[in-house]
Each structure stands twice: as C-alpha cells, then as structure tokens.
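Open the model in your viewer and keep the sequence panel beside it. This tour tells you what to select at each stop and what you will find there.

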Amino acid sequence: MEKKSNPAVTIESLPSISEASSSSSSAAAASAANHQVRVLHKSEYKQAALCLAEAFKDDDVVMYFVKTGDRKKFTPDDEWKLHLHIMECITYAHCISGLATAIGPNYDCVALWMPPNKNMDDFCTMLWSGMFGLHWKLSKEGKKRFFDEFLPLLHDTKHHILSKDDDNSWYLVYIGTKPGSRGKGYAKSLIEYTTKQADIENRVSYLECSNILNLKLYGRLGFQMVKKIQLLRGGKPIDLDVMIRLPVVQKLVGKTSEFAEHEGGK
C-alpha cells in the first residue's frame, strides 16, 4: 500500500454540488450563509459517513466495489451495510490524517480533503480507520476492483498529471450532500472553504468527477478538466473526469494550465 497515496476517489453525488436554479440562487446562498463550515473531530465520523453513504448510495463509482455480482446471497441490506462501512473507514481516515469538513444543522453536507504532504497510507491510519479490514469485507472481485484497479489508477494518474506538485496539492476526495439538503449552496461553501486556503498557499487543487453534469458546476468554482480515465472491470466502462484548479495568484499573472497542456486539454 505504500505506493498508493491518498487511497480514495474524489467523487460527488450527482446532485451534491447542484445549486438551485438562477431564480433561487440567492436563497441558496442565504441558506448556506446561515451555517458555518466546521472541521470535524474524529468522534463525529459516523454522522459524517452516514451523510456520504446517503449521498452516494446510487453512485456507480462508489458502488463499483460493492455491487460486484460475485456474492450469491448478498442482499440489498448487505450492500448498504458494506457501503456504509466503507464510508466510515474512509471518513475516519480523513478525520485523523486529512481534513473533514461539514455544514448544515445535521451533517447535511460533508467534504473530505487530503491536504498537502498528507496521505492515508501510514500503518496507524490504515489500522485505526479499518481500511486494512476491507481485505476481508470486500468480495474477491471487490478486492480486485478496489486494490488492483481503482487505487493504482487514481494514484498513477494524479502523480502523472501533477508531477512535482503531486505532494503539494489539495486533493478533494469526497463531497456529498444529503438528499433532503440539496440546493442550499452547502457544497459550494465547503469547496470554497478549502480552495481559499489553497489560494493563500498558492497551491493547486485536484479532484476526479464521476458525473458529467457537474463539470460546469466545478468549472464555476475554478476547476478545469485535464484528463478522462475509466474503470473497466465491471464490463461497462465507468468514466472519471480529472480536474485541477490553479490558485488565484497564478491565474492573475496569466499563467496557463501546464497540466491541461501536458494532457492535450482532454
């Protein structure tokens, strides 16, 4: 596992950053403004994980390791329990080794970030978070998808695109909003909370987007697509769009995205 830094995907549930329509955008902004972004303590990981589990229960990428078809007696309830367990492991790992933020009165929207020069591969984080246990929790096919395909693909892609900036970037790993809390500007507030810090530090922000409908929304927050990758073991290819955000300072001086140019602007 030493090779695979930041072993989680940046995914947003389809409506997670879907803001209200133009006619209600001011109301959404007001709603988000009424609740401050806060950094989560590790004791809050279960509430935060439940938010993410609800947000991503129908996401193709997140369920890629759960709905593998190689467990004959695996019921929908079993799938949900495994899905929630994975979210709890990843959320706890970010609470102790990364950055977990939330907004709303009841963990309505949660974001998991891996800060510069941080990762989840150290022994203590893997052990305490339960990530090691996924070797036994996942099915045979699920383990292949997660450990042999998914993690190496994300690690290698991020390193290839960012190169010398890989360890110095802010990595948005997960962001999700509860179904009943969408359209209030929560996700926008969580993203801007950390990208403002990235601007202060003059660092690049990085993510993988699993929903094409959210590309424009991320674009409004300063991200641009630089590469498309795919998960292939499930038969039907699942796309992920890799996006980066340059810090404001680099934009102001007219610096073009060397990342997009390097990848041919894909």
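**The whole chain**

Start with the surface of the protein chain: its accessible area is about 12200 Å², and 53% of that belongs to carbon and sulfur atoms. Accessible areas here come from the Shrake-Rupley method with a 1.4 Å probe, and for residues only the protein chains shown count as cover.

A word on the model before going inside. This is a predicted model, in which local features need pLDDT of at least 70 and side-chain atom pairs count only at pLDDT 80 or more, while totals for chains, interfaces and linings use all residues. Residues are numbered from 1 along each chain as its sequence is written, and side-chain values use heavy atoms, with hydrogens and water left out.

Switch to cartoon. The protein chain shows 10 helices and eight strands. These are DSSP runs numbered from the N terminus: helices are H or I with at least four residues, strands are E with at least two.

Now colour by burial. Of the 266 residues in the protein chain, 53% count as buried. Buried means under 20% relative accessible area, exposed means over 50%, and partly exposed is in between (1.4 Å probe, protein chains only).

Turn on contacts (heavy atoms within 4.5 Å). Take those in the protein chain between residues at least 6 apart in sequence: 78% of them join residues at least 24 apart.

**The nonpolar cores**

Select Met87, Leu112, Leu138, Phe146, Phe150, Tyr174 and Ile244. These have the most contacts inside the largest nonpolar core, which has 52 residues. A nonpolar core is a set of buried Ala, Val, Leu, Ile, Met, Phe, Trp, Tyr and Cys residues joined through side-chain atoms within 4.5 Å.

Which elements give two or more residues to this core? Select these in turn:

- the helices α2 (45–55), α3 (76–97) and α6 (140–162)
- the strands β3 (99–103), β4 (109–114), β5 (170–177), β7 (223–231) and β8 (238–245)

Helix α3 gives the most, with eight residues.

Next, select Ile103, Leu190, Leu207 and Phe223. They are among the 20 residues of a second, separate core.

**Inside helix α6**

Zoom in on Thr157, in helix α6. Is Thr157 buried or exposed? Its relative accessibility is 7%, so Thr157 counts as buried. Leaving out residues up to four places away in sequence, Thr157 touches Tyr206, Lys227, Ile229 and Val242.

**Salt bridges**

The structure holds 12 salt bridges. Each is a side-chain nitrogen of Lys or Arg within 4 Å of a carboxyl oxygen of Asp or Glu. Visit three of them.

Select Arg38 and Glu44. Their side chains meet in a salt bridge, 2.8 Å from N to O. Glu44 is buried at 13% relative accessible area, while Arg38 is partly exposed at 32%.

Move to Glu88 and Lys46. In this salt bridge the closest N and O atoms are 3.5 Å apart. The pair links distant parts of the chain: Glu88 is in helix α3 and Lys46 in helix α2, 42 residues apart. Glu88 is buried, with a relative accessibility of 16%; Lys46 is partly exposed, at 44%.

Then pick Arg233 and Glu141. Their side chains form a salt bridge of 2.8 Å, N to O. Arg233 sits in the loop between β7 and β8, Glu141 in helix α6, and 92 residues separate them along the chain. Arg233 is partly exposed at 39% relative accessible area, and Glu141 is buried at 14%. Add Arg145 to the selection: Glu141, Arg145 and Arg233 are linked in a network of salt bridges.

**Loop stops**

Go to Asp165, in the loop between α6 and β5. The side chains of Asp165 and Lys164 are joined by a polar contact of 3.5 Å. Such a contact is a pair of N or O atoms within 3.5 Å; within protein, one must be able to donate a hydrogen and the other to accept it, and residues adjacent in sequence count only if both atoms are side-chain atoms. Now select Pro116 as well. The C-alpha atoms of Asp165 and Pro116 are 9.3 Å apart, with their positions 49 residues apart along the chain.

Finish with two backbone angles. Tyr107 lies in the loop between β3 and β4. It has a positive phi of about 50 degrees although it is not a glycine. Tyr107 is buried, at 13% relative accessible area.

Asn117 is in the loop between β4 and α4 (123–129). Its phi is near 60 degrees, a positive value in a residue other than glycine. Asn117 is exposed, at 53% relative accessible area.
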